[in-house]
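Have a look at the model below. We'll start at one turn and work outwards from there.

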Amino acid sequence: MLLMEGTRNNLAAAGMIKIKLTTDDIGKGFYIELNKSDVEEHVVKHWNPTVVKRATIDDIKVSMQDLDTNSEHEVNFRYYKHVGSYFLQGLWHRNFVDRRKLMAGDEIGIACIPGSSHSLCFCVLKRSGGNNNK
């Protein structure tokens, strides 16, 4: 389900997780670490509790809509207790870092899709000074 035009502003107002990417985020390979309190405040409280519980045991496949390119991509979502953080992994790097040519210093936004049991949306909020990609 692709979201309608104008949704980006609505999601930002409702609570979007904003992440300024670091060289670690870009270079780690296949995952990005998400702040636990941000995810709990803006994402998992809107999801089905069974899905959230499963994410503490195993990866869950999540459809993530890129609001800038109006495309959907699959990533894995998981909470690792020993680290105390949530992660997007699996195809995260290929589908977002590589495809969107993300660089350290870029600011991205991730939000829950309203009414979804476990879907997310993504957008690039701001490109770093040396990154002219859209």
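## A hairpin and its neighbours

G115 has a positive phi near 80° and sits in the hairpin of β6 and β7, with 6 residues between the strands. Strands here are DSSP E runs of at least two residues, and helices are H or I runs of at least four, both numbered from the N terminus.

A word on the source: this is a predicted model, where local features need pLDDT of at least 70, side-chain atom pairs count only at pLDDT 80 or more, and totals for chains, interfaces and linings use all residues. Residues are numbered from 1 along each chain as its sequence is written, and side-chain values use heavy atoms, leaving out hydrogens and water.

Here's how β7 pairs up (two strands pair if DSSP finds at least two bridges between them):

| Strand | Bridges to β7 | Direction | Across from L120 in β7 |
|---|---|---|---|
| β3 (residues 60–66) | 4 bridges | parallel | M64 |
| β6 (residues 107–112) | 6 bridges | antiparallel | C112 |

So how enclosed is β7 (residues 119–126)? Largely, because 6 of its 8 residues are buried. Buried means under 20% relative accessible area, with a 1.4 Å probe and protein chains only.

Zooming out, the protein has 5 helices and 7 strands, in the order α-β-α-β-α-α-β-β-β-α-β-β from the N terminus. Buried residues account for 46% of its 134 residues. Take contacts (heavy atoms within 4.5 Å) between residues at least 6 apart in sequence: 60% of them join residues at least 24 apart.

Conventions:
Buried < 20%, exposed > 50% of the residue type's maximum accessible area, 1.4 Å probe, protein only.
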